[in-house]
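Here is a short report for a first look at one protein model. Have the chain in view as you read.

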Amino acid sequence: MRQSVAEAIDVAATQAGIGLSADQKRLTERLAILAQPGGRRLRACRNESSRGLYVYGPAGRGKSWLAQAFFDEVAVPKIRVHFHNFFDELHLRVHDSRDDPRALESALGELLGPSRLLFFDEFHVHDSGDARLLTRLLAFVFAQRLTVLVTSNYAPDSLLPNPIWHHTFEPGIAMIKDHLDVFHLDGPTDYRTQSPHHTTGFASGKWLTVLPPGSYPSADENVTLTVRGRQFPALAVRNGQLWISFAQLCDSTLSTIEYLYWADAFDEWVVTDVPLFDDASREAQQRFINVIDILTDTDTPTTFIATHTVDEFLATETTRPDTFRMASRLQLLRS
């Protein structure tokens with residue numbers, strides 16, 4: 001079965017036009033160990049060869065693609081969650097049951113359902129509040145003996161890098177290292193910079209410095225969007241296409257709740273008037289990073305409009321956490 005899973009991932013890579021590197025093939029073999037001989041099921045018992053897996057490394061090295069290929073191959077009750085989506089839903093369910101002392105455990109049980117495999121993509125921690133929730137999440141899933149597959153840009157010890165708050169996630173880090181094998185996928189190539197495919201999803205989007213005459217929304221097209229009782233201005237909505245400015249998207253007090261709602265509600269996005277990254281406030285920078293995370297995860301075609309090229313925009317990126325992932329993803333766009 002191990003060979004079958006490894007072969008299936010290799011076939012998927014070939015069909016996608018991907019030639020796996022030596023490190024990626026090693027990861028493929030390690031992922032295949034999670035499958036039980038005799039069927040595409042996960043091992044029920046934990047031993048040294050069937051522990052869950054924490055895969056980390058720089059952006060664009062193929063971590064999420066390989067983990068998703070494995071996830072698609074195994075036929076077990078399973079769930080894939082992305083950081084922003086998962087926490088939005090978790091916070092909502094906990095809030096709805098906030099008078100219950102076991103609200104978090106109940107919410108986690110509802111979200112995970114009968115799953116035996118949890119694939120947590122883009123795992124990162126920058127907030128002490130999230131750190132406490134994640135620690136309880138990890139304790140819950142390990143107590144339930146779920147097989148856990150994690151991808152991240154951060155080594156376990158580098159999670160919640162802020163030295164003021166790092167100690168709040170040390171219990172979570174200890175659980176990760178106790179329950180999961182750690183695999184470092186590295187390499188000199190960010191494969192997103194070499195992608196020739198710009199036909200579907202986020203990769204079909206564009207970064208434009210010139211708009212065709214008359215295409216920018218007029219004032220009478222301005223709309224108000226409502227999410228959970230809150231109202232937000234936008235430039236226009238045209239046949240399932242959301243037009244919104246960078247200021248409306250990132251300078252206002254929006255959260256991932258709104259971004260996730262709009263990614264589900266609109267087939268395409270157009271984000272106008274994007275400034276140089278360093279010209280935005282730190283809060284706006286973080287919101288834009290979150291927007292790119294969500295648009296990539298939901299594979300939403302997006303056009304960005306600015307007076308500068310994407311390379312000029314990225315040349316000004318700061319060293320704040322997660323800008324490297326944003327930079328890698330923006331390389332998918334056509335100019």
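The text below covers one strand, one pocket and two loop residues.

This is a predicted model, in which local features need pLDDT of at least 70, side-chain atom pairs count only at pLDDT 80 or more, and totals for chains, interfaces and linings use all residues. Residues are numbered from 1 along each chain as its sequence is written, and side-chain values use heavy atoms, with hydrogens and water left out.

**Strand E6**

Start with strand E6, residues 147-152 (helices, H or I with at least four residues, and strands, E with at least two, are DSSP runs numbered from the N terminus). Of its 6 residues, 6 are buried (under 20% relative accessible area with a 1.4 Å probe, protein chains only; exposed is over 50%, partly exposed in between). In a regular strand, side chains alternate between the two faces of the sheet. Both faces of E6 are covered. Thr 147, Leu 149 and Thr 151 are buried on one side, and Val 148, Val 150 and Ser 152 on the other.

E6 pairs with the two strands below (pairing takes at least two DSSP bridges).

| Strand | Bridges to E6 | Sense | A residue and its partner in E6 |
|---|---|---|---|
| E3 (52-56) | 4 | parallel | Val 55 and Thr 151 |
| E5 (117-121) | 4 | parallel | Leu 118 and Val 148 |

From E5 the chain crosses through helix H6 (residues 128-143) to E6, a right-handed β-α-β crossover. Right-handed here means that, with the strands pointing away from the viewer, the path from the first strand over the helix to the second runs clockwise.

**The second largest pocket**

This pocket has a volume of about 480 Å³. Its lining has 18 residues, and the closest to its centre are Phe 83, His 84, Asp 127, Asp 130 and Asn 290. Helix H4 (83-96), helix H9 (256-265) and H10 each give two or more residues to the lining. H4 gives the most, with 5 residues. By class, the lining has 4 nonpolar, 8 polar and 6 charged residues. Asp, Glu, Lys and Arg count as charged; Ala, Val, Leu, Ile, Met, Phe, Trp, Tyr, Cys and Pro as nonpolar; the others, Gly among them, as polar.A pocket is an open set of points on a 1 Å grid over the protein atoms alone, where a 1.4 Å probe fits, with protein on both sides within 12 Å along at least five of seven lines; lining residues have an atom within 4 Å of a point. The volume is the space filled by probe spheres set on the points.

**Two loop residues**

Asp 299 has a positive phi of about 55 degrees. Asp 299 lies between helix H10 (282-297) and strand E14 (302-305), and is partly exposed at 43%.
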